[in-house]
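Biologist: I'm new to reading structures, and I'd like a close look at just one part: the place where the two domains meet. Could you walk me through that, and through whatever sits around it?

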Amino acid sequence: MKTIIEPFRIKSVEPIRITTAEQRHRHLVEASYNLFRIAARHVMIDLLTDSGTGAMSSEQWAGIMRGDESYAGADSYHRFLATVRRITGFDNVLPTHQGRASERILFQVLLGSPPAGCGRIVPNNAHFDTTRANIEHCGAEAVDLLTDLGRCPTEEGPFKGNLDVTALERLLTERADDVPLVVVTVTCNTNGGQPVSLENLRAVRDLCDRFGKPLYLDAARFAENAWFIKQREPGQGARSPRDIVLDMFSLADGAMISAKKDGLVNIGGVLLIRDPATFAEAGDLLILTEGFVTYGGLAGRDLEAMAIGFTEVLDEDYLRYRVRSVAYLGEKLLAGGVSTVRPPGGHAVYIDAAAFCPHIPPAQFPGQAVAAALYEHGGVRACEIGSVMMGEHAPMELVRLAIPRRTYTQSHIDYVVEVVLEVHHRRTDLRGFRIVEQAGSLRHFTARFEPV
Ligand code: F0G
């Protein structure tokens, strides 16, 4: 059978409120053209993020009822712990409320507060915005070491998330003392949800060993990465995602995981640390702001849902459908003449806004223009990943259509395709924006815009 169906049926539904273009225009103006400021009820298809926005399974909802809310050592914690140990091979596990809590704790331990972090450098294939912000908050510098291929949206390649090992070797040779850790993000969200190969992870591991540096994974989408390895890396096709995931984690000294992606939950995170002394320090910091080490700012029921989600995400039927359904969107846009990051990522399709609107310069935020137009035209909410989000660090001007897990059907995606193609058809009408108000290191959440 050629058709890959959604490997689930729907048990509970949530209404989508149908709005008109006039209504959406008003909402857009009232939100100062920032899609983060628009009420979710005014969005028809919400592709702002795949983070915490997916549907849980009936098993997970059953787990929610089973949640043990004891303050310390709850049954739910032990089930969570056993699952995370089994799928990652790590013994030392801390639950956190989401990925950025893991980031804050880890970087505080390894970098310290300014001025301790000043002058230090944390390399990554490409930092996600919160990772970068947490590193900079410690006074350190976050550098992206993608390969040339990884920075080119239109070139095809199986592992465009790979870290440039030559550049890492150069950095470590020149400034070894300033680099406290190396991070690799799997899959690499910033350049299009692109995977990292096992071969690349091994090469980074070798360099870290040579220079005595710990290697941490930013592993929010570890299962999607493993599926790409199975599909694309020579010699990996016959292996299970579970085995590949174990291999990926075995190469690392630790990992930060936002469980809101491949944990298939609405909230949750994990911090893994092999070194016992570092783990103990992280536990102390966790207690300071997140809660006790057996719940990490979560309810027992959240731990229960995470344990089940981490198991379900490794199901091959799920992963096949997941990656294929995102590719379906990518292929339809490409066939319609829309330039996107190629190949499609595991969790999202990224429109190349610079190619979509060559008449809008980066300083006038072409990605913002496309995202605003998609909302106004069809009620589709996407996310700018370009100069608004990353300022001068933006490697490309992208608009991300992130697909929540197990949430939208193929007809929703067909509708999205139609909206994008219609906006593309009249793309020369789109105008750029200027920022009239902004604040903080993550300005994209709150900034206000005005059409140029
Ligand atoms: N690392 C990566 C690669 C991410 O994509 C995210 C979140 C985080 C860390 C932080 O995790 O949100 O649980 O604190 N990405 C979401 C997104 C927000 O839309 O891509 P968090």
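Modeller: Let's start with a word we'll need: two residues are in contact when heavy atoms of theirs lie within 4.5 Å. Keep in mind that this is a predicted model. By that contact rule, 33 residues of domain 1 touch 36 residues of domain 2.

So who's who? The domain assignment gives domain 1 as 21-50 + 315-451, and domain 2 as 58-312. Measure from C-alpha centre to C-alpha centre, and the two domains are 26 Å apart.

Now for the interface itself. People often describe the size of an interface by the accessible area that is lost when the parts come together. Here the area buried between domain 1 and domain 2 is about 2,900 Å², and carbon and sulfur atoms give 58% of it. Look for Leu319, Arg342 and Pro343 on the domain 1 side: they supply 20% of the area that domain 1 buries against domain 2, more than any other three residues.

Charges come into the picture too. Side chains of opposite charge can pair when their charged atoms come close. Across the interface of domain 1 and domain 2 there are six salt bridges, while the count for the model comes to 26 salt bridges. Arginine 342 turns up again here, in a salt bridge with glutamate 156 whose closest N and O atoms are 3.3 Å apart. On top of that, 17 residue pairs make polar contacts across the interface of domain 1 and domain 2.

Which pieces of domain 1 face domain 2? Helix H12 (316-335), strand E9 (348-352), helix H15 (387-390) and strand E12 (398-402) each bring at least two residues to that side. H12 gives the most, with six residues. Sort the residues of that side by type and you get 15 nonpolar, eight polar and ten charged.

Stay with arginine 342 for a moment, as its link to proline 343 is a cis peptide bond, with omega about -15°. Proline 343 is found in the loop between H12 and E9. Most peptide bonds are trans. There's another cis bond to look at, from proline 114 to proline 115, with omega near 5°. Proline 115 has its place in the loop between helix H4 (99-111) and strand E3 (121-124).

Next, the ligand. 16 residues surround it, and the closest are Thr49, Arg100, Ser258, Lys261 and Arg400. Arginine 400 has a polar side-chain atom 2.7 Å from an oxygen atom of the ligand. For glutamine 98, a polar side-chain atom lies 2.8 Å from a ligand oxygen. With arginine 221, an N or O atom in the side chain is 2.9 Å from an oxygen atom of the ligand.

Arginine 221 has another partner as well: its side chain meets that of aspartate 50 in a salt bridge (2.9 Å, N to O). Arginine 221 lies in the loop between strand E6 (215-218) and helix H8 (222-232), and aspartate 50 in the loop between strand E1 (45-46) and helix H2 (58-66), so the pair ties together parts that are 171 residues apart in sequence.

One last oddity, if you feel like exploring: tyrosine 33 has a positive phi of about 65°, although it is not a glycine. You'll find tyrosine 33 in the loop between helix H1 (21-30) and E1.

Key
Residues are numbered from 1 along each chain as its sequence is written. This is a predicted model: local features need pLDDT of at least 70, side-chain atom pairs count only at pLDDT 80 or more; totals for chains, interfaces and linings use all residues. Side-chain values use heavy atoms; hydrogens and water are left out. Domain bounds come from an automatic or database domain assignment. Buried area is the accessible area (1.4 Å probe) that two parts lose on being put together, summed over both. A salt bridge is a side-chain nitrogen of Lys or Arg within 4 Å of a carboxyl oxygen of Asp or Glu. A polar contact is a pair of N or O atoms within 3.5 Å; within protein, one must be able to donate a hydrogen and the other to accept it, and residues adjacent in sequence count only if both atoms are side-chain atoms. Helices (H or I, at least four residues) and strands (E, at least two) are DSSP runs, numbered from the N terminus. Ala, Val, Leu, Ile, Met, Phe, Trp, Tyr, Cys and Pro count as nonpolar, Asp, Glu, Lys and Arg as charged, and the others, Gly among them, as polar. A residue is near a molecule or strand if one of its heavy atoms lies within 4 Å of it.
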